[in-house]
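Biologist: Could you take me slowly through one part of this model, the place where two helices meet, and then show me what lies around that part?

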Amino acid sequence: MTIALIVQRYGAELAAGPEHHCRLIAEHLSQRHDVDVLTTCARDAATWDNAYPAGPDRVRGVTVRRFANAQIRDPGAFEEYSDWIFANPHTAQDEESWLQQQGPWCPALIEYLEQRHESYDALIFFGYRYAPTVLGLRVDPRRSILVPTAQDEPAIRLDTYRPMFSLPAGIAYDTGVERGFLRSRFSIEAHAEEIVGCGVELPPHLDAEQLAPAEADAETSGATPTAGGADGQPRMRGAVFRRRHRLYGPLALYGERVEAGTGCEELIEYFGSYAAQRGEATLVLMGAKLMRIPEEPFIRFAGMLTESERLEALEAATVVVAPSPRESLSLPALEALAVGTPIIANARSDVLTDHCQRSNAGLYYVDSAEFAECLQLLVGDDELRAAMGRNGRRYVRDHYSWPAILDKYERLIAAVGRRSRRRAAPRRRRRSRGQQSTA
């Protein structure tokens, strides 16, 4: 089959959000189907400036077709307009203006869809919030699958999204929590639905049944050894990452964009209180830096890492912290569970608390005191941490393995394909009858 994936921006360096989700799905689907990614020339989501050249590209073996944005975003003006529209009565025209100001505003991408949509068996849209999805779903709803990656936020209450959720023939939810939330707010008319999420690789050198309890080490205290050394001796998880960054003792890792709105500021505040009261510990921030990071002795900024380095960092961590109050899936949390590292999550996120409860591989907090208690418990109990690590790997293996994820996408694509073919068939039959009657 020939499939188009539509997303607001796309690149190998984008390691979070629906863009990262889309890239992982595209790379795996391309092993079975002809895949095009339709996206904009933007790299920076703050401005949507055209950083990539327009036209076809290849990214990790996937064909990417980029279209230039017609305008860039003024972040300050858009934030001010958002504050107004979320808090005041407004018109449909105001919401259309907000959608355009939010960006990316890319009429060329929509024009391409209007001209070429019938050449694809399925159109898969990632991220409910942006104009390429809102406008693109109108082109050929019966051929379309929506991957909403939705969360409870002010934008989703705008009326502009209400008709959109009734359009697609198929919906791929990230979690059951997301499905319940969207069904409580919108009229969902999709004839094919799946709770899918995204696949997570299970590192082959870790075995869920062989994670050993930690043995204290002067260099890597707070880390857990695994059974897999070539000499048969346990080797310390993440030792290479710890040596490279000169990290010692308990280590809490945050692995998403370092920006306001993701819970980073609160995390830094809570961790500062923990470090002041409970002793030496390090908070490592990994990812794109989009906010000022305080100069504190307990904070280390690791920056953007390659995928292999990200894996090393996740293994090196004593715990991985997921502080965002709003999530649709949280791939970084699932990646932590995949390597056997427990998570500590913000209890305000129903998705994260659901992961913790279903996996029995994480704890969650509502305030600074609970954050400190959760962290202290996991730092101080090696056997508990190892047991939760085994639970996390089983959870990812059972629910987020790539074969299971791809089978669900295949069902959705097949259902949408049958529906679009049924729509085309009557037109062909009518032409045939017309030709016979005039012969």
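Modeller: In this predicted model, the contact is made on one side by Leu334, Leu337 and Ala338 of helix α10, and on the other side by Gly389, Gly392, Arg393, Tyr395 and Val396 of helix α13. Sorted by character, the residues of this contact divide into 5 nonpolar, 2 polar and 1 charged. Two packed helices are described by the angle between their axes and by the distance between those axes. Here, the axes of α10, which covers residues 331-338, and of α13, which covers residues 382-399, come within 7 Å and cross at roughly 115 degrees.

Helix α10 also takes us to a second feature, since α10, together with α1 (17-29) and α9 (307-316), is one of the elements that give two or more residues to the lining of the second largest pocket. This pocket holds about 420 Å³ of space, and 20 residues line it, with Leu24, Val200, Glu201, Glu307 and Glu335 lying nearest its centre. The lining of the second largest pocket divides into 9 nonpolar, 4 polar and 7 charged residues.

From Glu201, one of the residues nearest the centre of that pocket, we can move on to histidine 28, which is in contact with Glu201, Trp402 and Leu406 when its neighbours within four places in sequence are left aside. Histidine 28 is found in helix α1, and because its relative accessible area is 13%, which is under the 20% cut-off, it counts as buried.

Turning from helices to strands, we can look at β11, which covers residues 251-254: Leu251 and Leu253 point one way, Ala252 and Tyr254 point the other way, and all of them are buried. In a regular strand the side chains alternate between the two faces of the sheet. Strand β11 runs parallel to strand β12 (residues 282-286), to which it is joined by 4 bridges, and within this pairing alanine 252 has leucine 283 of β12 as its bridge partner.

To set these parts in the whole, the secondary structure of the protein comes to 14 helices and 16 strands, and buried residues make up 55% of its 439 residues. Finally, if we consider the contacts between residues at least 6 apart in sequence, 66% of them join residues at least 24 apart.

Notes. Residues are numbered from 1 along each chain as its sequence is written. This is a predicted model: local features need pLDDT of at least 70, side-chain atom pairs count only at pLDDT 80 or more; totals for chains, interfaces and linings use all residues. Side-chain values use heavy atoms; hydrogens and water are left out. Axes are lines fitted to C-alpha atoms, for helices over the stretch in contact, and angles run from 0 to 180 degrees between N-to-C directions. Contact means heavy atoms within 4.5 Å. Ala, Val, Leu, Ile, Met, Phe, Trp, Tyr, Cys and Pro count as nonpolar, Asp, Glu, Lys and Arg as charged, and the others, Gly among them, as polar. On a 1 Å grid over the protein atoms alone, a cavity is a set of points where a 1.4 Å probe fits but cannot get out, and a pocket is an open set with protein on both sides within 12 Å along at least five of seven lines; lining residues have an atom within 4 Å of a point. Grid points are joined across faces, edges and corners, and a volume is the space filled by probe spheres set on the points. Buried means under 20% relative accessible area, exposed over 50%, partly exposed in between (1.4 Å probe, protein chains only). Two strands pair if DSSP finds at least two bridges between them.
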